[in-house]
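Visitor: Could you take me through one part of this model closely, a helix together with its packing and the loop that comes after? I would also like to hear about the cysteines, with the reasoning spelled out.

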Amino acid sequence: MTMGQLVHINLGKVRPLRVGERKLMSAIGKTEVAGPVCVGLLGLAGDDQADLSVHGGLDKAVYAFPLEHLAYWQQQRAAHSVSLFEATDETLPPGFVGENLSLMGLREDAVYIGDRLHFVDCVLRVTQPREPCGKFNAVMGYAQAARDMVRSGCCGFYLAVERVGTLQSGETFELVPGARQISIAQALALKRHKHMR
């Protein structure tokens, strides 16, 4: 059994996002909240989804991201001279990549589609990797961010809600293995051609 920790819970509201010359509605900008937060079949209470084709619905109700990856994305932004502030050693805040749950102790090569995360008061099932889009490029601040996500595998994963309840920052979870046929890392690699054109 693998144990991990839910370090941050992040929620977002739909608002305009500049993507190149276009203005799109998006809820990718999440901010950390204090818990407990109610978890329903369609996600976290207070969290919006603007485009249900890429986030939301029963199979993509919650987006989890390994907190360990923030250092990678900080390095990528520094390499492209992108910064929220003047300093290039910025620390990216929780929710920056659009994640609902910032997790510690569970990376894409160790989690498989069908695995379940058992929290104190709810159960979430792993469904698929997060695939990058133009909104991700806009938030990261450089045009090749989506390709870097696919190359690096630092993508996180979507979760379905199997047992509704509540989540609290700081609580631990237990990974209960499913069939273990394809990992999140493998599933993203299978979609690599789509994003590397």
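Guide: A disulfide is counted here when two cysteine sulfur atoms lie within 2.5 Å of each other, and it helps to have that cut-off in hand before turning to the structure, which is a predicted model. By this rule the count of disulfides comes to zero. For Cys 122 the closest cysteine sulfur is that of Cys 38, and because the two sulfurs are 10 Å apart, they are too far from each other for a bond. Cys 122 is also buried, its relative accessible area being 0%. Cys 154 likewise takes part in no disulfide, since the nearest cysteine sulfur, which belongs to Cys 155, is 7.9 Å away. With a relative accessible area of 8%, Cys 154 counts as buried.

The helix to look at is α3, which spans residues 145-152. Its buried residues are Ala 145, Ala 146, Asp 148, Met 149 and Val 150. The axis of α3 comes within 12 Å of the axis of helix α1, residues 70-79, and the two cross at roughly 140 degrees. An angle over 145 degrees would have counted as roughly antiparallel, and α1 and α3 are therefore described as oblique to each other. The crossing in which α1 passes α3 is right-handed. On the α1 side the contact is made by Tyr 72, Trp 73 and Gln 76, while α3 contributes Ala 145, Asp 148, Met 149 and Ser 152. Sorted by character, the residues of this contact divide into four nonpolar, two polar and one charged. As background to the spacing of such residues, an α-helix has 3.6 residues a turn, so residues three or four places apart point the same way.

After α3 comes Gly 153, which has a positive phi, near 80 degrees. Gly 153 sits in the loop that runs between α3 and β11, the strand of residues 157-163. At a relative accessible area of 18%, Gly 153 is buried, the limit for that class being under 20%. Leaving aside residues up to four places away in sequence, Gly 153 touches His 69, Glu 108 and Leu 188. The C-alpha atom of Gly 153 is also separated by 9.1 Å from that of Gln 186, although the two residues are 33 residues apart along the chain.

Note on methods: Residues numbered from 1 in each chain as written. Predicted model: local features only at pLDDT ≥ 70, side-chain atom pairs only at ≥ 80, totals over all residues. Heavy atoms only, no water. Axes fitted to C-alpha atoms, helices over the stretch in contact; angles between N-to-C directions. Helix = DSSP H or I, 4+ residues; strand = E, 2+ residues; numbered from the N terminus. Parallel < 35°, antiparallel > 145°, perpendicular 65-115°, else oblique. Left-handed = near helix turned anticlockwise from the far one by under 90°. Contact = heavy atoms within 4.5 Å. Nonpolar A, V, L, I, M, F, W, Y, C, P; charged D, E, K, R; others polar. Buried < 20%, exposed > 50% of the residue type's maximum accessible area, 1.4 Å probe, protein only.
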